[in-house]
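Take a first look at the chain below. The report after it goes from the whole fold to single residues.

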Amino acid sequence: MKNPHYNPTKSHHRPNGFQNNHASFRGKRWHEILRWRWQAWRAGLPKPLQEPIPVVAPDLAFIHGNAQAGLQMQPAATWIGHITVLLQIGGLNVLTDPVFSERCFPVQWAGPRRHTPPGLTLGQLPHIDIVLLSHNHYDHLDEGSMRALAQQPGGAPLVICPLAHRHWLNRWGLHRVVELDWWDRHVIEPSAHNHRVPVVLTPAQHWSARTTTDALRSLWGGFAVLSPDCHLFFAGDTAYSKDFVDIRQHFAREHTPGQGGGFDLALLPIGAYEPRWFMKDQHVNPKEAVQIFEDLGCKRALAVHWGTFQLTDEALDEPPRALAAALHAADLPAEAFRVMAVGQTWRLPPRP
């Protein structure tokens, strides 16, 4: 099937789909998948938890008070679990890749099951203004969660996503959809309740597929959200690549010291990385996540994409230990790249 978005002037566009900037993605062969599963079975992987995944009760009074604060909103991030974060910046309530379902799979009677409940239920959320959707894999684009948000009181959110996702979203009742190509910019216009907020789709080293026949037919990516009170970076799913040096260079004029410096917060994945021979071209490990942190030159980072679904061979609680070791090796303080409990809120200083 020909790519309807194909633009021959863009190197990541291909006639039949999309590709990465710095290393083309090749889908795994059936024998590679069998090798992975056989080796994991022989080694008894994944290992059981050494300690429970930390979970705290959400600070609903702060979250809902902040949601109604408009231009007086304090920048804050609440980790709901896996890749889902409630961001309160610029007078807006923003969700990244909403996944509230019990399983991340085409059906809810099979596939990886949640090990930790969402830090906020759908019913506990404030009204969501914006959803940032990074790509179409089932642990990121969750039909049940998106259908629920389409029915939220006060109206459906605006969904900002990479190219070629609109058809799924429209089918689920979401019709306020903005599709972006890499480096495209969409501006949330100011009102009495929010600031003017540019949102930019940034490249990532990953891939897409939702069925057996649509691999690489929809784009993937991360986001830069440039609110006056917080410049946020959301990586989505990614392997390590030069893309993050490119991203820092792309925003250099907006991140001078006089304009407040680099990203105030980056949401960086640290889980789903073993075995490396199988996962290294699609997911970073904690050491590579620290390298992304340094490549971006961001002020602080929140660890995501761990502790919820057992997707790969490392133990569910292993990524934070590996992150601590990587930060120590890089001579970086632990508070610079924070691991939070599910349900916990990080209140951030406003951007100067």
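Of the 352 residues of the protein chain, 57% count as buried, where buried means under 20% relative accessible area, exposed over 50%, and partly exposed in between (1.4 Å probe, protein chains only). This is a predicted model: local features need pLDDT of at least 70, side-chain atom pairs count only at pLDDT 80 or more, and totals for chains, interfaces and linings use all residues. Residues are numbered from 1 along each chain as its sequence is written, and side-chain values use heavy atoms, with hydrogens and water left out.

**The whole chain**

The protein chain holds 8 helices and 16 strands. Helices (H or I, at least four residues) and strands (E, at least two) are DSSP runs, numbered from the N terminus. The C-alpha trace spans about 60 × 50 × 40 Å along its principal axes. The radius of gyration is 19 Å, which agrees with the value near 20 Å for a compact globule of 352 residues. That radius is taken over C-alpha atoms, and the globule rule is 2.2 Å times the number of residues to the power 0.38.

Contacts (heavy atoms within 4.5 Å) often link distant parts of the sequence. Among those with a separation of 6 or more, 69% join residues 24 or more positions apart. The accessible surface comes to about 14,800 Å², and carbon and sulfur atoms own 56% of it. Such areas come from the Shrake-Rupley method with a 1.4 Å probe; for residues, only the protein chains shown count as cover.

**Helix α8**

Helix α8 covers residues 318-329, 12 residues in all. From its first C-alpha to its last it reaches 17 Å, close to the 16 Å expected at 1.5 Å a residue. The expected span is 1.5 Å times one less than the number of residues.

Which residues of α8 are buried? They are P319, P320, L323, A326 and L327. Seen down the axis of α8, these fall within an arc of 120 degrees, so they line one face of the helix. The arc is that of the directions from the helix axis to the C-beta atoms. The buried residues pack against α7 (286-296), β14 (301-304) and β15 (337-338). On the other side of α8, H328 and A329 are exposed. After the helix comes D331, whose phi is positive, near 60 degrees.

**Backbone details in loops**

Four loop residues are listed here.

| Residue | Backbone feature | Loop |
|---|---|---|
| P46 | cis bond from L45, omega near 0 degrees | between α1 (30-43) and α2 (60-67) |
| P275 | cis bond from E274, omega near 0 degrees | between β13 (265-269) and α6 (276-279) |
| L216 | positive phi of about 70 degrees | between β10 (197-202) and β11 (222-227) |
| H305 | positive phi of about 65 degrees | between β14 and α8 |

Neither L216 nor H305 is a glycine. L216 counts as buried, at 17% relative accessibility. H305 is buried too, with a relative accessible area of 2%.

**Cysteines**

How many disulfides does the structure hold? The number is 0, a disulfide being a pair of cysteine sulfur atoms within 2.5 Å. Take C298: the closest cysteine sulfur, in C230, is 11 Å from its own, too far for a bond. C298 is buried, with a relative accessible area of 8%. C161 also counts as buried, at 0% relative accessibility.
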